[in-house]
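Please look over the sequence and the model before reading on. The report below goes through confidence, the core, the salt bridges and the surface.

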Amino acid sequence: AAAAAAAAAAAAAAANAKGTTATAGIRRSSTRPVSPNIVRSASRINEVKTPPITKNAARRRSRDEVFWKKRREDVEERCFWLLTSMLQTYGVGKLMCPKTSTLQDCLERFQRTACQVVPGLMSHLERHQVLPVMYAMEWFTTLFVYSLPSKTVWEVWDLLMLQGFNLLHLVGVAILIRLQNALLNGHPEKLLGILRKHMWGIQGREIREVCMKLARDAAEGSEDLYSHTRRSSSINEPLAARRREYSSEIENHN
């Protein structure tokens, strides 16, 4: 037993001496000096090469900043005068004025026209307590800004400014015609949600075609409901045409 214990102790001492030797070797290898070439290569990799700014580049950057500053000021000014013209010249301000009955008249024309054009849908909505005042009032007071995609809103505004804002209620009727199948087949308790969700997929071309068709093909004896196609007396260009002009100016500048 004593001999076995002595042999085990000797084996443990040998293993300990071997580990110490290996650790010392690692330490010696880790303290080995690094080649200067490796240090220089690593520093070159970490360098960020920034090309010097030439006079032409600085001049072009300054010219671009001036161009975009003028462009922003021009757009802001045009938006201001557009809003002023819509509120005063086109009478949109009367829709927001509580002292006038313009909004109420527009809602009544919308309801009467919709009941004549899509009677089944209007009966379906009224049966489930979805009244025009719950959705159409927001359309008319905001000119569909919060209800339709931006591109569609621009085209709707073009239509109203060219043909007259008396077509405003027809835009609402066109929306109902476009979403008729979705509303009739949707869940009765989610009709308002379906209406708001599907409106974001409507294109301006669809609304324009339906509005003009309603105005042209008015049913006999109902011309007073939606035969309002008087052309506006304003000499302003359509908004979509101005947007294309802006795009061409920017492309020419670039």
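## Terms and confidence

Helices here are DSSP runs of H or I with at least four residues, and they are numbered from the N terminus. With that naming, R205 and E209 can be placed: both lie in helix α12, 4 residues apart, which is about one turn of the helix.

The model is predicted. The protein chain has an average pLDDT of 74, and 63% of its residues score at least 70. Over residues 19–30 the pLDDT is below 50, and this stretch has 0 contacts in the model beyond near neighbours in sequence. Residues 219–240 also have a pLDDT below 50, but this stretch has 45 contacts beyond near neighbours in sequence. Where pLDDT is low, the predicted coordinates should not be read in detail.

## The nonpolar core

The largest nonpolar core has 49 residues. Those that touch the most other members are Y135, W139, F140 and L176. Several helices give two or more residues to this core, among them α3 (55–88), α5 (102–117), α8 (150–163) and α12 (204–216). Also on that list are α6, α7 (136–142), α9 (168–178) and α11 (191–199). The most comes from α9, which gives 7 residues.

What does L176 touch, not counting residues up to four places away in sequence? The contacts are F110, A114, L121, M122, Y135, W139, L183 and L195. Two of these, Y135 and W139, are themselves among the core residues that touch the most other members.

## A buried histidine

H124 is located in helix α6, which covers residues 119–127. Is H124 buried or exposed? The relative accessible area of H124 is 11%, so the residue counts as buried, the cut-off for that being under 20%. Leaving out residues up to four places away in sequence, H124 touches L183, L184 and L191. L183 is also a contact of L176.

## Salt bridges

The whole structure contains 4 salt bridges. One of them joins the side chains of R78 and D74, with N and O 3.2 Å apart. Where do R78 and D74 sit relative to each other? They are 4 residues apart in helix α3, so about one helical turn separates them. R78 is partly exposed at 39% relative accessibility, and D74 is partly exposed at 23%.

Helix α12 takes part in further pairs. R208 forms a salt bridge with E155, and their closest N and O atoms are 3.5 Å apart. This pair links distant parts of the chain, as R208 is in helix α12 and E155 is in helix α8, 53 residues apart. R208 is partly exposed, with 35% relative accessibility.

R205 forms a salt bridge with E209, the closest N and O atoms being 3.9 Å apart. Here both partners lie in helix α12. R205 has a relative accessible area of 39% and is partly exposed; E209 is partly exposed too, at 47%.

## A nonpolar patch on the surface

Which residues form a nonpolar patch on the surface? They are L131, V133, M134 and M137, and together they have about 310 Å² of accessible area. M137 belongs to helix α7, an element that also gives two or more residues to the largest nonpolar core. With a relative accessible area of 32%, M137 is partly exposed.

Definitions and conventions
Residues are numbered from 1 along each chain as its sequence is written. This is a predicted model: local features need pLDDT of at least 70, side-chain atom pairs count only at pLDDT 80 or more; totals for chains, interfaces and linings use all residues. Side-chain values use heavy atoms; hydrogens and water are left out. pLDDT is the predictor's confidence in each residue, from 0 to 100. Contact means heavy atoms within 4.5 Å. Buried means under 20% relative accessible area, exposed over 50%, partly exposed in between (1.4 Å probe, protein chains only). A nonpolar core is a set of buried Ala, Val, Leu, Ile, Met, Phe, Trp, Tyr and Cys residues joined through side-chain atoms within 4.5 Å. Patches are made of residues with over 30% relative accessible area and no salt bridge: like charges are joined within 9 Å, nonpolar side chains (Val, Leu, Ile, Met, Phe, Trp, Tyr) within 5 Å. Accessible areas come from the Shrake-Rupley method with a 1.4 Å probe; for residues, only the protein chains shown count as cover.
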